[in-house]
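Student: Could we go through this two-chain model together, slowly, with the terms explained as they come up?

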Amino acid sequence: MQLFICVSFAWFVIIVFTLIPKRLSTLDFICLYCVTILFTTTVFTLFDINFHTVTIPRTPIPSFATIITRVVTIPLLIMIAVDALQTSSGHKVRWFLVGGTWLFCMVFDWFLSALKVIIYHKAFLWHAISTCITYFVFILFAWVCTKLFKLFGEKTVRAG
Amino acid sequence: MTTSIVYDNRFNLNEWFVIVGLLLGVATVVILPRRFSRKLSMLFFLFGVTSGSFFDLSLGVLPVSFYDVGDESSYQFMDFLSLVMYGPFSYLFFYVYDFMKVRPKYCPLYILVSALISLGFESLGYYVGVFHYSHGYGWQISFIIYLVLESLWILLFYLLRHVDARSSIEP
């Protein structure tokens, strides 16, 4: 059931991603996806293998559910948040969208723990705070990288 | 919870392999005349790093650790450098493909040659202690991964070049 839920959820996020209006270009999104995958898998691996704070059961179903979550759900959620930061609409709307996605990421992480796809090894409060900080850093880092990538492209246009 | 396996605890050939490989790779990328827009060049570099991180940190670890990278099975700074080392490989893959103006019917041949070269570098990495295989993993599985991954890269090459050309025309 864990894999079914994670795959369905990943597909739901794909649907949301395709339907929402976007500000970033295709190349920006691809860069954002690459950077997010690189950064998130590194941090999750550190939590799992080095610190043993959030581990993944080494059985096929939770493992594949984790891979789907890492490759589809989390990068797309972060991409939605970073894209929302580009919107020209008012500050309130922008921060509501980003805050909502951030909250969603955190609740989703706790949900994965409830599903036993990931296993928390410390008190829930510790994980609640660490999840909160981790996803905030993910979104911030992805946003900075996108900004730099866009700047990179603009320089080419000016130089050309 | 998994216990960490220590293969080696000295700064030796495997670390030098990663450092020299990375420096040579980055130098080659910088020295070569530019063929793509800055954004495309960046993406072609990132593809290698991202694919490396996906395979080394997700498929290589879950559900069982098929291979470890570096001195220990836990994640170290040198492992991160080894991921960056994949960047120049992917960049050169796209660069040579574009430079040689490979026609689509010769794509499979180009991918095969490139997969064999990648396999050669991986074997070298294995012998110097960068990679440590386990659970029956070996070069034959890597060969399939290279073929599939590089086929996907070719597909992305055409797609991204089209997108890049379109975005440079649009105001």
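What follows is a conversation about the interface between the chains, a nonpolar core and one buried acidic residue.

Tutor: This is a predicted model, in which local features need pLDDT of at least 70 and side-chain atom pairs count only at pLDDT 80 or more, while totals for chains, interfaces and linings use all residues. Residues are numbered from 1 along each chain as its sequence is written, chains are lettered from A and ligands numbered from 1 in the order in which they are written, and side-chain values use heavy atoms, with hydrogens and water left out.

Student: What is the area buried between chain A and chain B?

Tutor: Contact means heavy atoms within 4.5 Å, and by that rule 34 residues of chain A are in contact with 27 residues of chain B. Buried area is the accessible area (1.4 Å probe) that two parts lose on being put together, summed over both. Carbon and sulfur atoms give 77% of the area here, and the total is about 2,900 Å².

Student: Which side chains meet in a salt bridge?

Tutor: A salt bridge needs a side-chain nitrogen of Lys or Arg within 4 Å of a carboxyl oxygen of Asp or Glu. Between chain A and chain B the count is one salt bridge. At 2.9 Å from N to O, its partners are A:Asp28 and B:Lys39.

Student: Which element gives the largest share of the largest nonpolar core?

Tutor: Such a core is a set of buried Ala, Val, Leu, Ile, Met, Phe, Trp, Tyr and Cys residues joined through side-chain atoms within 4.5 Å, where buried means under 20% relative accessible area (1.4 Å probe, protein chains only). The largest one has 47 residues, and B:Phe47 is among those with the most contacts inside it. Helices are DSSP runs (H or I, at least four residues), numbered from the N terminus, and the largest share of this core, 10 residues, comes from H3(B).

Student: Which side chain of opposite charge is nearest to B:Asp164?

Tutor: B:Asp164 is found in helix H5 of chain B, and, leaving aside neighbours within four places in sequence, B:Asp164 is in contact with A:Leu27, B:Ser37 and B:Leu40. For charge, Lys and Arg count as positive and Asp and Glu as negative, whereas His and the chain ends are not counted. B:Asp164 is buried yet has no salt bridge, and the nearest side chain of opposite charge, 7.3 Å away, is B:Lys39.

Notes:
Buried means under 20% relative accessible area, exposed over 50%, partly exposed in between (1.4 Å probe, protein chains only). Helices (H or I, at least four residues) and strands (E, at least two) are DSSP runs, numbered from the N terminus.
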